[in-house]
Amino acid sequence: MHTYSLSKNFREIVNTILVSSSILILLILEYLQCEDRMYAFFGIEQGFWYVICKVFWGLLPFSIYGGVTFVYNHYVWRWKLLQNWHGVPDLAGRWEGVVVSELKEQDVPIMVIVEQTWTKIKIRTKTAKARAYSDSAIIESTESGEIYVRYSFINVDENNVSYQGYNRLRFAENELAGNYFTEKEIPGECGRGSKGKIYLQKE
């Protein structure tokens, strides 16, 4: 998986909230005197285990922040209420549809698998004769409320020939649709590349 960008700067806001939440948890633990209670519960006053507990408590702030960040990064950001706020759609899952190429008379069935967290994404595409994987991406939210997924990818065809491509797809109610462009060499059309449209629906 690779990182992806957002057109709106929500990640800094979220990180500030996560840091503040971690500090609040530490203050609550301090207020409840949890460290002293831990020593009393286990009967630890000195020696090796006392040092171990001190080290554990010293690392606790980092552990709490790491845990809070992990939970948000993998789960919490997907909550519908939060998605309405930050505008980042949950694209993870399997998508199926067709590619409509300007060079082919017949539509080509396509399958897309998306893995996504709050900070990373991986978009894998498969057709009967080629496979592709994303190497950069941005989720763009416009002022009018539209959401676009823009990403570049490396395509490898059945002859193991690879070339770069780019998709710009509009997201709406579990559907993705838009244009694609590639650097694939077209016989008799030097420097033109291939292009067309993609229509996808989430399974």
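In what follows, Ala, Val, Leu, Ile, Met, Phe, Trp, Tyr, Cys and Pro count as nonpolar, Asp, Glu, Lys and Arg as charged, and the others, Gly among them, as polar. The structure is a predicted model, in which local features need pLDDT of at least 70 and side-chain atom pairs count only at pLDDT 80 or more, while totals for chains, interfaces and linings use all residues. Residues are numbered from 1 along each chain as its sequence is written, and side-chain values use heavy atoms, with hydrogens and water left out.

The interior comes first. A nonpolar core is a set of buried Ala, Val, Leu, Ile, Met, Phe, Trp, Tyr and Cys residues joined through side-chain atoms within 4.5 Å; buried means under 20% relative accessible area, exposed over 50% and partly exposed in between, with a 1.4 Å probe and protein chains only. The largest such core has 31 residues, and Leu91, Trp95, Trp118 and Leu200 touch the most other members. Strand β7 (residues 147-157) is its main contributor, giving 4 residues; helices (H or I, at least four residues) and strands (E, at least two) are DSSP runs numbered from the N terminus. A separate second core of 5 residues includes Met38, Trp57, Leu60 and Ile64. In soluble globular proteins, nonpolar side chains tend to be buried together. Beyond its neighbours within four places in sequence, Trp95 is in contact (heavy atoms within 4.5 Å) with residues including Ile110, Val112, Phe171, Leu176 and Leu200.

Open and closed spaces were then searched on a 1 Å grid over the protein atoms alone: a cavity is a set of points where a 1.4 Å probe fits but cannot get out, a pocket is an open set with protein on both sides within 12 Å along at least five of seven lines, and lining residues have an atom within 4 Å of a point. Grid points are joined across faces, edges and corners, and a volume is the space filled by probe spheres set on the points.

The largest pocket has a volume of about 620 Å³. It is lined by 27 residues, with Lys104, Thr127, Ala130, Tyr163 and Lys184 the closest to its centre. Strand β7 supplies the largest share of this lining, 4 residues, and the lining as a whole holds 13 nonpolar, 8 polar and 6 charged residues. The second largest pocket encloses about 470 Å³. Among its 20 lining residues, Lys80, Gly87, Pro89, Ile147 and Phe171 lie nearest the centre. Here α4 gives the most, with 5 residues, and the lining divides into 6 nonpolar, 8 polar and 6 charged.

The whole structure also holds 2 cavities of 30 Å³ or more. The largest, of about 50 Å³, is lined by Leu91, Val112, Val114, Ile123, Val149, Tyr151, Leu169, Leu176 and Leu200; this lining has 9 nonpolar, no polar and no charged residues. The second largest cavity, of about 40 Å³, has a lining of 4 nonpolar, 4 polar and 1 charged residues, among them Phe10, His86 and Ile139.

Finally, His2 lies in strand β1 (residues 2-3) and is buried, with a relative accessible area of 15%. Its side chain makes a polar contact with the side chain of Ser134 (2.7 Å); a polar contact is a pair of N or O atoms within 3.5 Å, where within protein one must be able to donate a hydrogen and the other to accept it, and residues adjacent in sequence count only if both atoms are side-chain atoms.
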